[in-house]
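This report covers pockets, strands, a helix and two single residues. Please read it beside the sequence and the structure.

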Amino acid sequence: MKSLKHILISLLCAGAFSACTDMDIPPKNIFNEQDIFGNKDGVDSYIARMYGTLPMEDFRYSFEHGFNYNGTLFRQMCCATGEAVGRDTQSATPEPGTRMWDSAYKNIREANNFIEVMPEYQGNFTEAEYDAFLGEAYFVRAYNYFAMVKRFGGVPLIDHVIDYPSNATLEDTWVPRASEDECWAFIGEDLDRAIAALPETSATGRANKYVAAALKSRAMLYAGSIAKYNTVNEVHLEKRICGIPQERAAFYFEQAFKAAQIFEGSPYQLYKNKWAAGNRTAQAENFTALFLDESGANKETIFARYYKDKLLTHEYDNSVQPRQTSTGNNDSEVSPTVDFIEMFDGIDLDANGNFEFLDADGHYKMYDNPMDAFANAEPRLLGTVILPMSKYKGQYIDIRRGVYTGTVGNGLNRLIREGETAAYEALGIADLQLSAGFNGPAVDLKAPYTPYPGANPVNKINVTGPNGPVNGWNFGNIGGTYLRKYLDPDLEDNSGNYSTQHWIDMRYAEVLLNRAEAAYELVALGKNVSDDGVNYLDDAFTSINLIRDRAGADLLGSKADLNSVDVVRRERRKELAFENLTYWDLIRWRILYQEQNNTRYRILMPFFATDGNKYFFDVRYTEPRAGYNYIFTFDTRYYYLPLPGGELTKNPNLKNNPGF
């Protein structure tokens, strides 16, 4: 069987056929129904087109510009969640989901057409082929409806081709919004059809039974959360278009749990190809390798979108690369926050649960190497984030905001007051040297200094080093950290649209986390044992510990440690960070407003002290620049996005969401 990747590439490479001089001969580039549905190659091409337009929030997705956006991503979704800060994400910015309404319904029409026409050609295929084709169409339709419903709530449910104006009236196109509950149930039913019809294995990039089950576990978990936590109740034409009755929460959580159970005995497993017990370095490298290993040995990837040099590429590396290793003189749009880093085990925290960068006397803690501050951090953090003096592409990434040239022998008091929002340059701090540009002037050291292991001792150091951060409005990183997840260290030219690493849309770790969350929520609703005798709390405990073991984190000691849904959520936020899932988790939990209510995120500012040749950190709010203060307040109206104005004009049976 051809892989979807190769089919898509063939479609991309196919040129137009030359015109025919004999007008009685059908043009060779015009295909009729028999050409498409009457043979396997035609069906494969049709299905490849459906996969190619799936609304997947991958490398080419931008919440500014929509799906399949082909350009540098100046605003990354993770910078709208507090996972990271970026220069161009200055405040809470909702996704303009209206841009995908038309494309989603075009995709749904394609799937509906396939489901309607394919039975006419059933005799051309084996039973297994026919079932698999239909299963893929149901999967595609469910995938598109999931993308719609999580954004808008109840939408028009169209399960057939409306052939206007040939065989349908204008009024036939005025389909009203179904209830949100009906939409989630429809998605579940389509995925049940897909699970029943699809084989257990499939070609690269195509759905199989487990792909459909993974999507069902994700979608049903979302629906359960809406039923439990959403408070919006909008009714139109006797349908609750926003919101699900709370009594339906248990049903959806059970559906999510059962979908995850399908993976028992499957070939999918957590990626541990480079993992070694007790070896922190191996565990960190293993987590990094998970997102770059496209071989068949990676049994964690369930469903992905694949890229290929010169045919289908993206700009992730250009958008996220450290300046030090960039070939295009760019600098990352993504700097993981201290708020994110503090979630991980092994970080020294104070009584308030914040990164402890001051000693008992209120002086800065001093380090020979900034990585000493993270010596006990769980390896998963090191596989996710490039910290000051982390090693990447064979280089130690030297991140520094400036140099302190004063005396520190008796301890250095904090340079700025707690909660300071002004940039260091505006504060006139004595003995603190800063630079508006990278590197800056060289500063004499007190003694020869070894900046990283194995380096020759030097007598001078540049103020900011090769990466900054700096405060000027330019390509400087603004947060003192870089993102490691998904970066390709083997890419020679990362200056533009040259990246080809695949995007993992669904992986086994998420299935385990879906299972754990659904199980815990069921316990919270008073349901302790499943219909087939599984103890939900025991099961959640096991799933979380499988994730933590691979991460190199301390295992939960007992079920008593699983004492809040926040334990499950925290694990999810660490494991799935920067995979465009956290945003939707915060939406479905209905807590984004709690986290973003006049909120400033904290960043890690590394400094070097010449007296004693030591590093220290400031933890502070994101510095303002170019008139932007980086204050986030989420507008709760956007838990449900507004419908496109054009659709409201065309369809009198539609009603917009509350607040719009």
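## Largest pocket

The largest pocket has a volume of about 700 Å³. The model is predicted: local features need pLDDT of at least 70, side-chain atom pairs count only at pLDDT 80 or more, and totals for chains, interfaces and linings use all residues. Residues are numbered from 1 along each chain as its sequence is written, and side-chain values use heavy atoms, with hydrogens and water left out.

Lining the largest pocket are 25 residues. Thr281, Ala284, Glu285, Leu382 and Lys391 lie nearest its centre. Helix H9 (280-290), helix H12 (379-384), strand S6 (385-386) and strand S7 (391-392) each give two or more residues to this lining. H9 provides the largest share, six residues. By class, the lining holds 14 nonpolar, five polar and six charged residues.

Some terms need their cut-offs. A pocket is an open set of points on a 1 Å grid over the protein atoms alone, where a 1.4 Å probe fits, with protein on both sides within 12 Å along at least five of seven lines; lining residues have an atom within 4 Å of a point. Volume is the space filled by probe spheres set on the points. Helices (H or I, at least four residues) and strands (E, at least two) are DSSP runs, numbered from the N terminus. Ala, Val, Leu, Ile, Met, Phe, Trp, Tyr, Cys and Pro count as nonpolar, Asp, Glu, Lys and Arg as charged, and the others, Gly among them, as polar.

## Second largest pocket

The second largest pocket has a volume of about 590 Å³. Of its 21 lining residues, Tyr105, Ile158, Ile162, Thr173 and Glu647 are the closest to its centre. Helix H4 (101-117) and helix H18 (645-650) each supply at least two residues. H4 gives the most, with seven. The lining divides into 12 nonpolar, four polar and five charged residues.

## Four-stranded sheet

An open sheet of four strands runs in the order S10-S9-S15-S16, with mixed pairing. Strand S10 (432-433) and S16 stand at the edges, each with a single partner strand, so one side of each has no neighbour in the sheet. Strands pair if DSSP finds at least two bridges between them.

Strand S9 (residues 402-404) pairs with S10 in the antiparallel sense over two bridges. Val403 stands opposite Gln433 in S10. Strand S15 (residues 602-609) and S16 are also antiparallel, over eight bridges. Here Ile603 faces Arg620 in S16. S15 and S16 form a hairpin with four residues between them, and Gly612 in the turn has a positive phi of about 100°. In S16 (residues 614-621), six of the eight residues are buried (under 20% relative accessible area, 1.4 Å probe, protein chains only).

## Helix H7

H7 (residues 209-229) has 21 residues, which should span 30 Å at 1.5 Å a residue (times one less than the number of residues). Its end C-alpha atoms are 30 Å apart, which agrees. Of the 21 residues, 18 are buried. At the start of H7, a side-chain oxygen of Asn208 reaches to within 2.8 Å of the backbone nitrogen of Tyr210.

## Two buried residues

Phe344 is in the loop between helix H11 (338-341) and H12. Phe344 counts as buried, at 2% relative accessibility. The C-alpha atoms of Phe344 and Pro379 are separated by 9.3 Å, at 35 residues apart along the chain.

Asn318 belongs to helix H10 (residues 316-320). Asn318 is also buried, at 6% relative accessibility. A polar contact (a pair of N or O atoms within 3.5 Å, one able to donate a hydrogen and the other to accept it) of 3.1 Å joins the side chains of Asn318 and Glu315.

Note on methods
Buried < 20%, exposed > 50% of the residue type's maximum accessible area, 1.4 Å probe, protein only.
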